[in-house]
Every structure is written in C-alpha cells, then in structure tokens.
Amino acid sequence: MSNQEWSVAVYIMGFVLECILKALTCKALNLATYPEIKSTKHEKIKSYFLTHDFDMLLIISGTSQIFGLSGEGASSWSGFTQEYTKSGAWTNIRYDVLSRFDEKKAKSLYAYLTAPPDGIIPILESKKLW
Amino acid sequence: MVEKFKTILNSIETERGNVAIFALLRMDEFVDKWTVVISAPWATDENRHEVFEMIRKKIVDTLTSAEASEIARIAIFPIDEHLIQELLQFKSDTVVENKKINGNDIHSAYIIKSETPALV
C-alpha cells in the first residue's frame, strides 16, 4: 500500500484473509498444523481443507455465524469478498492484477479487512478469536 | 426461495427505485451458498453501507433463518462492472446452470431481473 502498488496489495490482502481463516480453523479444531497434502489421503478431506475458497474456509473455521447474513461482520465480509469471488477462484486475480484495482478500491478493501470496529480482523480480535 | 427474492426485489424497487440486475449466483458445487448480486443507479460506493443494511434487513425479514444461512454475501456492483455487463446479456427470469460467466464457472444462477440501464 505504501508503494502504491494497489493491485498487488489487493492480491496480498486475499492471502491475508485466507491465512486468517486457515489459522482460525487450526484453533477451532485444535490442530497443531493445517492439514497438508502428504498427510491427507482422504479425498473428501482434501476438498474441505486444501482450498482457497473463502466460503468453504468460513465453514471449517467456525466463523459462519459472525460473517453470515445475520452476523455483525456481514457487511465487511460481503464488501471484501465480493471483489475476490466475482471471477471464480480468488487467486485468479493474479492474472489481471496489474490493471484491475485502483487506489480507491484497494483502500476500500483494506478498510473492510482492518478498520475498527466492523472490519473482519477487528471483529475477530474483539471476540478473542485471533 | 426465488419467489421470496422477487418479493424482496419489489420491496426494494418500491422503496428506492429501479434495479438493473438482481440475481442469485451459486459459484461452486461444494458449498451450497448463494451470492445475491444487485446493481442499481442509486446504489453507489458512497451509500453502500446504508444500501447493504436495507437489503440485508429485507432478506432476513423475508427468509427463514435456514434460508438466510444459505446466503454467503450481498454483492453490490456498479453498472459498469464486467460481471454486471455479462449478467445483463440474460433476460429477466432466466435460470442458468453450469455456465461460465465473467470467467467464473457458475453452478447455478437465477437472474431475477435484468434490465439495461438505458431502459431503467
């Protein structure tokens, strides 16, 4: 953000949310480490854990109630994830990352993710989940 | 649930004015969650929070709690957003199954209203 690399910042923010949800999953399920391909032989388990899908990760992290439509984080969750899910897997944005996001959009997404009191991270912090 | 969303759309348009796109999209087959997509001339970045809360309240008041739990997000896009332009290619009351829209494999979609801005 400080280098005004707006599209790169947006791409990194996607990873931030993915890492948060995977860390929350470990905490919710009392896992020492996140399941890896080598240690996960069951195909159905792979589809749940080995994913970039925010909606899937929301379920296994145990935070659906917070960011669901009736939850206090619904607005921030919707505002943030709508930009990442509109073109399929959010990681696809790396293919057009150089031109798609401007300063206004990057700062808006940053606010949905970090701005207190209703940003995604502040809500998780307030609930001692993060 | 689609009929309930038609009621919600009517309520939104009565209160705020015409909507260009109102659709339900299910992005993948693994998670049974829907994205409510709306685009309207009166829904802007500046009033996004107020518009979101208005739509959220109508959805929560209309759907059962089980139905509401199937909604992953309310996505409010400007009319010039590429996804909206692609959805405007469909007519109102169109059901889409397993089709690529905006580079995204849409598992299911209900285009409840699609009306180009010039006609709005």
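This is a short talk on a predicted model of two chains, A and B, and on how their parts pack together.

Before I start, a word on conventions: residues are numbered from 1 along each chain as its sequence is written, while chains are lettered from A in the order in which they are written. Since this is a predicted model, local features need pLDDT of at least 70 and side-chain atom pairs count only at pLDDT 80 or more, whereas totals for chains, interfaces and linings use all residues.

On confidence, the model scores ipTM 0.89 and pTM 0.90. For chain B the mean pLDDT, which is the predictor's confidence in each residue on a scale from 0 to 100, is 90, and 93% of the residues of that chain reach 70 or more.

Let me take chain A to begin with. Its secondary structure comes to 7 helices and 0 strands, where helices (H or I, at least four residues) and strands (E, at least two) are DSSP runs numbered from the N terminus. Of the 130 residues in chain A, 32% are buried; I call a residue buried if 20 or more other C-beta atoms lie within 10 Å of its own, exposed if 12 or fewer, and partly exposed in between, with C-beta atoms placed from the backbone. Among contacts in this chain between residues at least 6 apart in sequence, 66% join residues at least 24 apart, and by contact I mean that the C-beta atoms of two residues, placed from the backbone, lie within 7 Å.

A residue to look at here is Trp6(A), which sits in helix 1 of chain A and counts as buried because it has 21 C-beta neighbours inside 10 Å. Not counting residues up to four places away in sequence, Trp6(A) touches Phe101(A), Asp102(A), Glu103(A) and Ala106(A). Just before helix 1 of chain A comes the segment that holds Gln4(A), whose phi is near 60 degrees, a positive value in a residue other than glycine; Gln4(A) is exposed, with 9 other C-beta atoms within 10 Å. Further along, a cis peptide bond joins Pro116(A) and Pro117(A), with omega about 0 degrees, and Pro117(A) is found in the loop between helix 6 (103-114) and helix 7 (120-126) of chain A.

Turning to how the chains meet, 23 residues of chain B are in contact with 19 residues of chain A. On the chain B side, the elements that give two or more residues are helix 2 (48-62), strand 3 (71-76) and strand 5 (104-114). By class, that side has 12 nonpolar, 6 polar and 5 charged residues, where Ala, Val, Leu, Ile, Met, Phe, Trp, Tyr, Cys and Pro count as nonpolar, Asp, Glu, Lys and Arg as charged, and the others, Gly among them, as polar.

Which residues of helix 2 of chain B are buried? They are Phe52(B), Ile55(B) and Ile59(B), and they cover an arc of only 75 degrees around the axis, taken from the directions from the helix axis to the C-beta atoms, so they lie on the same side of the helix. On the other side of helix 2 of chain B, Glu50(B), Lys57(B) and Asp61(B) are exposed. What covers the buried residues includes helix 5 (74-85) of chain A, together with helix 1 (2-16), strand 2 (34-39), helix 3 (65-68) and strand 3 of chain B.

The largest nonpolar core, meaning a set of buried Ala, Val, Leu, Ile, Met, Phe, Trp, Tyr and Cys residues joined through C-beta atoms within 7 Å, has 57 residues, of which Ile120(A), Ile21(B), Ala23(B), Val37(B), Ile38(B) and Leu87(B) touch the most other members. Its largest share, 6 residues, comes from helix 1 (residues 6-29) of chain A. Leaving out residues up to four places away in sequence, Leu87(B) touches Ile21(B), Ala23(B), Val37(B), Ile101(B), Ile111(B) and Ser114(B).

Finally, Arg26(B) lies in strand 1 (residues 21-26) of chain B and is partly exposed, with 19 other C-beta atoms within 10 Å. Neighbours within four places in sequence aside, Arg26(B) is in contact with Trp34(B), His107(B) and Ser108(B). The C-alpha atoms of Arg26(B) and Asp105(B), 79 residues apart along the chain, are separated by 9.3 Å.
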